[in-house]
Amino acid sequence: MSNYRGFRAFNGKVSFLFDKKAGKKIGILFILTALIFIISAGLGGMAISPLTVLHVFAGGGTDMERLVVLNFRLPRIIIALVAGMALAVAGGILQGMIKNPLASPDIIGITTGAGAAVVGFLSIFSDKNHSLTVSIQWLPLAAFLGAILVGLTVYSLAWRNGVTPIRLVLIGIGISALMQAMTTLLMILGPIYRASEASIWTTGSVSKATWEQVWMILPWTAIFLLIAFIYSRDVNIQELGEELAAGVGNAVQKNRLLLLLISTCLVAGAVAFAGGIGFIGLMAPHIARRLVGSSFGVLLPTSALIGGLLVMLADLLGRTLFSPIEVPAGVFTAAIGAPYFIYLLFRTKKR
């Protein structure tokens, strides 16, 4: 136990063992994330060296360098980072709660529910002048309501003297398919000029990120990430199974609902501003598990860093690889995530 250090807070309500080796790996990931953040801010149509980027961050640089880095690139990089962290942590919670390595917000319908709500928002509140009849600030609320509605629907339909993980997954897959069909229908019935925008958005893109959106997503995601880290011990207990979890005094069904709501809120914020970026909630927790083990006290923070790193890299590739054409970040996460999902499926079958 010399490699572990205990952590307690709030009169013991929050406590977990912290692996020192895992802490070093988290530190390395943090440094790597910071490096990609700086490099991403410098790459694009106008190349800017990392040292110049740091100079701009400190208040220096030319007017053009400040405009490109601070106004054009920084908002989208921050949203990519934050959205990736939110999706990864939500996926980690769901995998622990459902005890299924293939679980993710995409698969059980939360992401598609938020996506359908946003596409519906864009379709319903568009006028003939190609503009919205209500403020774009209501978009996160639409995503939140869509995610919450789907999350609660899945939970309610899965309830039968309690919620079993397998029932939650099967119903989630069905609801996800229904939400995808509804999204397609809304795109067909809505204004034609919104269909292309909605298509790019459902794929997942941060190309239209603004500072206004940054200040909206940051506090929301920070609050629910903190709550998720606080309840990481409950995710560990959920993995023990319903009978053992109840045996150690855990309110299984109450905490299962709470964890689902935390995941839903994280996904809602990410989808509202970054679109339907897929597979991050599936890949990041698995990669984190290989690095630091299965204790959620370190697994969730590690997943968050990996998720943010993956989405930042996907966005960087999307705007530089085929320049001047910009490819949505979700295309690259899907290109990596789909084969990874198949790999996990075969690996799970062998076990």
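## Phe-279 and the loop before α12

At 24% relative accessibility, Phe-279 is classed as partly exposed in this predicted model, because the partly exposed class lies between the limits of under 20% for buried and over 50% for exposed. Phe-279 belongs to the loop that links α11 (252–274) to α12. Its phi is positive, about 75°, although Phe-279 is not a glycine. Most residues other than glycine have a negative phi.

## Helix α12

Helix α12 covers residues 280–292, a run of 13 residues. From first C-alpha to last, α12 reaches 18 Å, close to the 18 Å expected at 1.5 Å a residue.

The buried residues of this helix are Ile-280, Gly-281, Leu-282, Met-283, Ala-284, Pro-285, His-286, Ala-288 and Val-292. Just after α12 comes Gly-293, with a positive phi of about 90°.

## Surface patches and helix α1

Two surface patches involve residues of helix α1, which spans residues 20–42. One is positive and is formed by Lys-20, Lys-21, Lys-24 and Lys-25. Lys-20 lies in helix α1 and is partly exposed, with a relative accessible area of 37%.

The other patch is nonpolar, with an area of about 550 Å². Phe-30, Ile-31, Leu-32, Leu-35, Ile-39 and Leu-43 make up this patch. Leu-32 is located in α1; its relative accessible area of 38% makes this residue partly exposed. Patch residues must have over 30% relative accessible area, and Leu-32, at 38%, is above that cut-off. In an α-helix there are 3.6 residues a turn, so residues three or four places apart point the same way.

Definitions and conventions. Residues numbered from 1 in each chain as written. Predicted model: local features only at pLDDT ≥ 70, side-chain atom pairs only at ≥ 80, totals over all residues. Heavy atoms only, no water. Patch = residues over 30% accessible without salt bridge, like charges linked within 9 Å, V, L, I, M, F, W, Y side chains within 5 Å. Areas by Shrake-Rupley, 256 points an atom, 1.4 Å probe, with all protein chains shown as cover. Salt bridge = Lys/Arg side-chain N within 4 Å of Asp/Glu carboxyl O. Helix = DSSP H or I, 4+ residues; strand = E, 2+ residues; numbered from the N terminus. Buried < 20%, exposed > 50% of the residue type's maximum accessible area, 1.4 Å probe, protein only. Lys, Arg positive; Asp, Glu negative; His and termini not counted. Charge placed at Lys NZ, Arg CZ, Asp CG, Glu CD. Expected span 1.5 Å × (residues − 1).
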